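Please open the model in a viewer and keep the sequence panel beside it. The stops below can be selected one after another.

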Amino acid sequence: MQSPINGLNSYIEHHRLALKLRSVSVGELHLARRLRHPVYVFRNGVFFPVINQGLTPTKEQILSLVKHNHREVYIFPDDLQDIKKSLEIALIKVTRALSVGDPLKNGTKDLKLLTLNLGGLYQNPHSDELLMLQFQSTQNLSKFLFENKKLQPQFFQNLMSENFHYTLSHPMLSSILLLSFLQATHLFHEKEIENLFLASYLKDIGFSMIPTEKYDLKTLTTRDQELFASHADFSYDLLDSRIPLAKNYLHIIKHHHFLNDRMKGLISRDQKARDADMVMGLESTLVAVFDILVAMTADRPYRQGVSWFQSLDLIKRMMADEYPQEFKALVIFLKNFYKN
Ligand SMILES: [Fe+2]
């Protein structure tokens, strides 16, 4: 690792960098070609150059950054543009050829690229091009996951082991579980499963409206909590009229925290709707349940994750009265899913 920027102009130079540099996840460096500028890490309030300009980041350099706990690095906007373009091309390529060759390898790669690309959409949520790329890739992935039922637990584990920031990995992890459960129950048509998979995956896109520095806070003020709670409304506003998903799925997205609201007493159990567009059927319950299950079982900056078995306590209280058979099916499903 090279020395930090020093010398007479270090103060000005540092502020120039702070204004120009953009963060990118370390994994995305695999997609970089010849760098136009150095790559930096941020440590103790200073930017350190770690890879020189003119080079293509090597596997060893990337692994060394991961080993030193650098989840993010900082690069210049034109290098970022090059990486984002390479990522889009790679995602389109793998999405189109999902069924050609080794399904485990293809699916794992697709999930990784799709998750990284979601980060790009968070940074640029008003880009129709990025949103449609996410939508169409997720639609293709849904069909692929449906066809490769036996590999679903492996795909889930492989995505978990990538150790992405929770804002990026959570939507896909909860959606894989949802799809797998819906398929296992034989209660839903494939098209319906696909739409619920899409709704589940896109339901947290509103995180893009929350400043990134809030993501890793250890304690949240009431205002922060309100901001986080608004992400479902933000998701709805961002997606409405921009994606080919029927209105009822958009309403599931808008109210995907209704079970939490019910637990907090914000809406009553027999209250059919807080808003006219509120959907509280089995489909919306399942989308919400897998969202809660995956969130509870993962670590967050402000708390430790619990086991899936422990999370069932809360889920039981949320759904078992209304859907006793489905709750039983969920317990059996989870036992099998995590056994594989
Ligand atoms: Fe959410």
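**Two loop residues with positive phi**

Begin by selecting Ser-241, which is found in the loop between α10 (231-239) and α11 (247-254). Helices here are DSSP runs of H or I with at least four residues, strands are runs of E with at least two, and both are numbered from the N terminus. Although Ser-241 is not a glycine, its phi is positive, at about 70 degrees. Ser-241 has a relative accessible area of 69% and is therefore exposed. The terms are as follows: buried is under 20% relative accessible area, exposed is over 50%, and partly exposed lies in between, with a 1.4 Å probe and protein chains only.

The model is a predicted one, in which local features need pLDDT of at least 70 and side-chain atom pairs count only at pLDDT 80 or more, while totals for chains, interfaces and linings use all residues. Residues are numbered from 1 along each chain as its sequence is written, and side-chain values use heavy atoms, with hydrogens and water left out.

Next, select Asn-163 in the loop between α6 and α7. Asn-163 is a residue other than glycine with a positive phi, near 60 degrees. Its relative accessible area is 53%, so Asn-163 is exposed.

**The two domains**

Now colour the chain by domain: domain 1 covers 1-77 and domain 2 covers 146-339. These bounds come from an automatic or database domain assignment. Taken over C-alpha atoms, the centres of domain 1 and domain 2 are 35 Å apart.

**Strands β1 to β4**

Select strand β2 (residues 39-43) together with β3, and an antiparallel pairing over 5 bridges appears. Strands count as paired if DSSP finds at least two bridges between them. Phe-42 has Phe-47 of β3 as its bridge partner. The hairpin formed by β2 and β3 has 2 residues between the strands, and Asn-44 in the turn shows a positive phi of about 50 degrees. Of the 6 residues in strand β3 (residues 46-51), 5 are buried.

Display the side chains of Arg-43 and Phe-48 as well: the charged end of Arg-43 sits over the ring of Phe-48, 4.3 Å from the ring centre. This term requires NZ of Lys or CZ of Arg within 6 Å of the ring centre and within 35 degrees of the ring normal.

Move on to strand β1 (residues 22-25), which pairs with β4 in the antiparallel sense over 4 bridges. Ser-23 has Tyr-74 in β4 as its bridge partner. Which side chains of strand β4 (residues 72-75) are buried? Val-73 and Ile-75 point to one face and are buried, whereas Glu-72 and Tyr-74 point to the other face and are not.

**Phe-228 and its neighbours**

Select Phe-228 in helix α9 (residues 222-229). Phe-228 counts as buried because its relative accessibility is 14%. Leaving aside residues up to four places away in sequence, Phe-228 touches Tyr-166, Phe-207, Ile-210, Lys-214, Tyr-215 and Leu-220; contact means heavy atoms within 4.5 Å. Lys-214 is 14 residues from Phe-228 in sequence, and their C-alpha atoms are 9.0 Å apart.

A second charge over a ring can be shown with Lys-254, which lies over the face of Tyr-236 at 4.7 Å from the ring centre.

**Aromatic pairs**

Show the aromatic side chains: the whole structure contains 15 aromatic pairs. Rings of Phe, Tyr and Trp (its six-membered ring) pair if their centres lie within 6.5 Å; planes under 30 degrees apart are stacked, over 60 edge-to-face, and the rest tilted.

Phe-156 and Phe-337 form an edge-to-face pair, because their ring centres are 5.4 Å apart and their planes stand at 85 degrees. This pair joins helix α6 (residues 152-161), which holds Phe-156, to helix α15, which holds Phe-337, across 181 residues. Both Phe-156 and Phe-337 are buried.

Phe-181 and Phe-333 are likewise edge-to-face, because their centres lie 5.3 Å apart and their planes are at 70 degrees. Phe-181 belongs to helix α7 (residues 166-185) and Phe-333 to helix α15, 152 residues apart. Phe-181 and Phe-333 are buried. Ring pairs join these residues into a cluster whose members include Phe-156, Phe-181, Trp-308, Phe-333 and Phe-337.

**Helix α14**

Finish with helix α14 (residues 308-319), whose buried residues include Trp-308, Leu-312 and Ile-315. Among the elements covering the buried residues of α14 are α12 (258-263), α13 (282-297) and α15 (324-339).
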